[in-house]
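Here is a colleague's note to read alongside the model. The points below go through empty spaces, a surface patch and charged pairs.

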Amino acid sequence: MSHCFLASLESLDLSENQLSGDLTAQFGEFKSLKTLSLGSNNLSGEIPTNIGKLSFLEALNLTDNNLSGNLPESLGQLFNLEYINIEDNKLEGVVSEIHFADLTKLKYLYASGNHLTLKVSTNWIPPFKLQILTLGSWNFGEGAQFFPAWLETQKRHIGMLSLSNTGISGNVPAWIWKIGHLNLSHNHLHGNILVISEHTALYQCIYLSSNQFSGPLPQIPPNAFDLDLSNNSFSGELSHFLCNVTTNATYSLQLLHLQGNKLSGEIPDCWTKWSSLTYLNLGNNTLSGRLPESIGFLTRLRSLNLYNNKISGRIPFSMSFCTDLVKIDLGDNDIDGGIPTWMGTSLTNLWILILRANQLSGNISSEICQLNSLQILDLSDNNFSGIVPRCVHNFTAMSTKIILSGYSIANPDRSYNSTNFRESAKVSTKGTEYQYDNTLALVTNIDLSNNNLSGGIPEELTTLVELKFLNLSGNSFTGLIPQSIGDMKQLESLDLSRNSLSGEMPNSFRVMSFLNYLNVSYNHLRGRIPESTQFMGFNASSFIGNDDLCGPPLTRNCSGPLKKDDNHYKTTSSSKIEWLYVFVSLGYAVGLSIFCTMLIFKKSWREAYYKFMEEMWNRVYVYFYIKWRKLTKTSV
């Protein structure tokens, strides 16, 4: 590049390309550069130390690259710098007061997602007045046992503060609750929070999850937008939080995340003021009583999570008005009754339905098949009876490959990435419970285990060719495993144990190359286990309890004699009736009976038959007699 060009360039924006390699030291020669934006590339190596020569630089954006090494101290010489964004790199080492020495104009510092350690003196007074500060995942050094004192010098101007996962502990100063966007999650903070003050910002977002806060839930301002207090030790009832609100105020809260606290009492029937909610999570508490009717006022709700409480009674009809619901998780409660028929007709956007470990009973109605967007259906550990509806092929999301990119089921119009919020769901598969969040959109699961379901496994179930996990264990299913089971080539886990299935295992199992967990134990299966490399990797415990199964991985070989009742078992339980042999046998019997009848009643036929037989006998006798005489003469 010519010296004239280097000296006169004021703005360089190469962000969101596919640039790779190290940052060249030649950037130090851009004497007049005011804006340098290289974000969202694949740049690596260290930030050049001569970046401190860019004395006119006002904005530096290096976010979302693979930059490593130390942050150069020369950065602190850029006295015109107002904006720095180095988030989501691999920077490491110590950041000290020298790095900020002359940054008197700095207003925006985005630096989360690195491995940097901040070491400043306890009485440090920064030269800047920040409006936005994000230092998530930094190490705050030896002073982490206290809330950083130097932050109080920024309280008049700061509107966004993110110190998540920095290891800070202790009580939080009162002025912090006036910040509009606050993320202090995943630390060791404790104490009570009485009031979260109203900020002049249009919306307030507070994220305090995974700390040690206690006491009653705090009062929140009407303009609170997101409130995440999950995984703390808040206690008491919900009524004072939800019901004791300003009468004329309009609350804007969209996300309420209170999972994993010590909240108790009944869920209050005063949701009319919270109609803006799109995500509600009260899971992992000790809430009791019935689901209130006023929950039907949450018409914008997309994700409802009340799992692992002590909620009883039936699912209220008013929930049918929450037509935007994408996820319902009411698992691990004491809810009784059946699955309401309106669920299939009103909640047609449902993607996840988890009702496991309740007291639900009755048949699984065919209306549930209208939920064609369903990808996770968990009805395990209930008292359902009857058959599996044959209309399950209508679960088209489990039979068609769907590509979901950047989709948040809590609210598709917003991204929670900046606050590390992810929708999640627990799925029991492969004998273990897993929690899915980042890959949740890729999970397809049906779990009907531990109920009283009966009848055969419907052939229509095997049309769900994109299903990954299927659990039908602990029921009373009878009959054969469908021959078309091999069509489910995406299946990774299949549990059919503890049923009354019979017949042989279909050979189509051999083509299920993704199957890495199989359990068919404690049934009445017989015959040879299909031979394939996949099956050789399964443990013998997956096949025990089937007295007539043989072949690897079982030690029982298939060359021994059959049991006494095997012929009868084969007749009644054969997976395939050889109708050709039946018709041939019938034809032979009918033909022989007609021939014998004609011999009895037709004298001319009878005489001709006897004459033919006599001639054939004479010919055969003479032939063999002559042969015998020749042999005796030769031997003499």
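How much space lies in the largest cavity? Keeping in mind that this is a predicted model, here is what I would point you to.

1. **The largest cavity.** The answer is about 90 Å³. The search over the whole structure finds four cavities of 30 Å³ or more. Lining the largest cavity are I364, I368, L377, L379, V388, P389, V392, F395, I446, L448, L461 and L472. By residue class, the lining has 12 nonpolar residues, with no polar and no charged ones.

2. **The largest pocket.** Please also look at the largest pocket, which has a volume of about 680 Å³. Its lining is made of 33 residues, and H257, Q259, R422, S424 and Q435 are the ones nearest the centre. Two or more lining residues come from each of the elements β22 (279-281), β26 (327-329), β32 (425-429) and β33 (432-436). The lining of this pocket divides into five nonpolar, 18 polar and 10 charged residues.

3. **T439 and S424.** One of the residues nearest the pocket centre, S424, has a C-alpha that is 8.9 Å from that of T439, with the two positions 15 residues apart in sequence numbering. T439 belongs to the loop between β33 and β34 (445-447). Is T439 buried or exposed? The answer falls between those classes: T439 counts as partly exposed because its relative accessibility is 39%.

4. **A nonpolar patch on the surface.** Y609, F612, M613 and M616 together form a nonpolar surface patch with about 360 Å² of accessible area. Of these, M613 is found in helix α7, which covers residues 603-635. M613 has a relative accessibility of 40%, so this residue counts as partly exposed.

5. **E433 and R356.** Now to the charged pairs: the whole structure has eight salt bridges. One of them joins E433 to R356, with 3.7 Å between the closest N and O atoms. This pair links distant parts of the chain, 77 residues apart: E433 sits in strand β33, while R356 sits in the loop between β28 (352-354) and β29 (359-363). The two partners fall into separate burial classes: E433 is partly exposed at 44% relative accessible area, whereas R356 is buried at 7%.

6. **E460 and R390.** Another salt bridge brings together the side chains of E460 and R390, at 3.3 Å from N to O. Both partners are in loops, E460 between β35 (452-455) and β36 (469-471) and R390 between β31 (383-386) and β32, so the pair ties together parts 70 residues apart in sequence. E460 is partly exposed, since its relative accessible area is 23%.

7. **R526 and E504.** Here the side chains meet in a salt bridge at 3.9 Å, N to O. R526 is in strand β41 (residues 524-528) and E504 in strand β39 (residues 500-504), so this pair ties together parts that are 22 residues apart in sequence. R526 counts as buried because its relative accessibility is 11%, under the 20% cut-off. E504, with a relative accessible area of 39%, is partly exposed.

8. **A shared network.** Finally, which residues do salt bridges with shared partners join into one network? They are D332, R356, D378 and E433. The E433 and R356 pair from point 5 is a good place to start when you trace this network in the viewer.

How values were computed
Residues are numbered from 1 along each chain as its sequence is written. This is a predicted model: local features need pLDDT of at least 70, side-chain atom pairs count only at pLDDT 80 or more; totals for chains, interfaces and linings use all residues. Side-chain values use heavy atoms; hydrogens and water are left out. On a 1 Å grid over the protein atoms alone, a cavity is a set of points where a 1.4 Å probe fits but cannot get out, and a pocket is an open set with protein on both sides within 12 Å along at least five of seven lines; lining residues have an atom within 4 Å of a point. Grid points are joined across faces, edges and corners, and a volume is the space filled by probe spheres set on the points. Ala, Val, Leu, Ile, Met, Phe, Trp, Tyr, Cys and Pro count as nonpolar, Asp, Glu, Lys and Arg as charged, and the others, Gly among them, as polar. Patches are made of residues with over 30% relative accessible area and no salt bridge: like charges are joined within 9 Å, nonpolar side chains (Val, Leu, Ile, Met, Phe, Trp, Tyr) within 5 Å. Accessible areas come from the Shrake-Rupley method with a 1.4 Å probe; for residues, only the protein chains shown count as cover. A salt bridge is a side-chain nitrogen of Lys or Arg within 4 Å of a carboxyl oxygen of Asp or Glu. Helices (H or I, at least four residues) and strands (E, at least two) are DSSP runs, numbered from the N terminus. Buried means under 20% relative accessible area, exposed over 50%, partly exposed in between (1.4 Å probe, protein chains only).
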